Amino acid sequence: MHPKAGGRRSVKAAALAAALSLGVAGCAYNEELGRNQLMFGVGEDSMAEAGSAAWQDIKEQQTISRDSRYTERLNRVAPRLLRASGEDPAEWEYLVFEDPTLNAFALPGKKIGIHTGIMDIMQNDAQLAAVVGHEIAHVEYNHAGERSSQNLLAQLGLVGTSIALGSRCGDNPRAGTDCSQNAQQLAQVLGVGAMYGLILPYSRKHELEADAGGVRYMARAGYDASEALEFWTRMAQASANQERPAEFASTHPATETRIENLRREIAQLGQGT
Ligand SMILES: [Zn+2]
């Protein structure tokens, strides 16, 4: 363990703990996404642990908004959407952070953070539902776990042999020294990979999947899903005008692609525009 500045230590410790529960490898078919997901080295429980540690850091380092204009809206919208997505709202934490950037994020372990900057461009509850639904979908689809798996494999250069390595360590109780050496090596990589994995931008594919999941949750919760189109259009305008720094927008797919994808999804929901 290398002592590091302040709050990052707990994330690193959690990531290390995650690495020690190695042995899961391969692909898992996700029915809702209709595709295989790479899951290597990082179990969902370990991701949740790392996510919760990161969330704790963020809560200590950033100012949590107590402004009722924001909190009342989030406290109205988030539970309704969570129930619609089959989740128990009591298991989730969702907070508004005082930060002027156009950003929102989700962490494994059922945490959602929304910046005041992005709250300010919303005209109604449904537009917040578009953002919260998007973030719930990232968590539901275990996008962070998949991304960490990809990072881990990329760093180890093991893309082609992941399953072989995993099964040697995971299934053979006599794997012994070989296996523990692998585990140590993986732990080192994961200590970095998982930590950054939680904050790195998602791929365009993950973003579009989260958009699609988000509007499905909106519709199930009884929100007008077409407000998602309105919201992302406003996001694009706010970013273009450079009223505020737009991290959320810059790490996300081009507006045209996103809007086109959303239109298609909304049409399938029968709410159409
Ligand atoms: Zn996203």
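**Note on helix α9 and the zinc site**

1. Glu209 sits in helix α9. Helices here are DSSP runs of H or I with at least four residues, and strands are E runs of at least two; both are numbered from the N terminus. This is a predicted model: local features need pLDDT of at least 70, side-chain atom pairs count only at pLDDT 80 or more, and totals for chains, interfaces and linings use all residues. Residues are numbered from 1 along each chain as its sequence is written, and side-chain values use heavy atoms, with hydrogens and water left out.

2. Is Glu209 buried or exposed? Glu209 is buried, at a relative accessible area of 13%. Buried means under 20% relative accessible area, exposed means over 50%, and partly exposed lies in between (1.4 Å probe, protein chains only). Leaving aside residues up to four places away in sequence, Glu209 touches Leu33, Arg35, Tyr141 and His143. Contact means heavy atoms within 4.5 Å.

3. Now the helix itself. Twelve of the 17 residues of α9 are buried, so the helix is largely enclosed by the rest of the structure. Among the buried ones are His206, Glu207, Tyr217 and Met218. The length checks out too: at 1.5 Å a residue, the 17 residues should span 24 Å, and the end C-alpha atoms are 25 Å apart, which agrees. The expected span is 1.5 Å times one less than the number of residues. After α9 comes Gly222, with a positive phi near 90 degrees.

4. Val215 also belongs to α9 (residues 204-220). Val215 is buried, with a relative accessible area of 1%. Not counting residues up to four places away in sequence, Val215 touches Ala225, Ala228, Leu262, Glu265, Ile266 and Leu269. Take Leu269: it is 54 residues from Val215 in sequence, yet their C-alpha atoms are 8.5 Å apart in space.

5. Which residues coordinate the zinc ion? His134 (NE2), His138 (NE2) and Glu207 (OE, listed twice) do so, at 2.1 to 2.6 Å. Donors are N, O and S atoms within 2.8 Å of the metal (3.2 Å for Na, K and Ca); water is not among the atoms, so sites may look incomplete. The sequence spacing of the donor residues is H-x3-H-x68-E.

6. His134 and His138 share helix α5 (residues 125-140), four residues apart, about one turn of the helix. Both are buried. An α-helix has 3.6 residues a turn, so residues three or four places apart point the same way.

7. Why is the zinc arrangement irregular? The four donor atoms subtend angles of 54 to 130 degrees, which makes it irregular. Four donors count as tetrahedral if all angles lie between 85 and 135 degrees; four count as square planar and six as octahedral if opposite donors are over 155 degrees apart and all others between 65 and 115; anything else is irregular.
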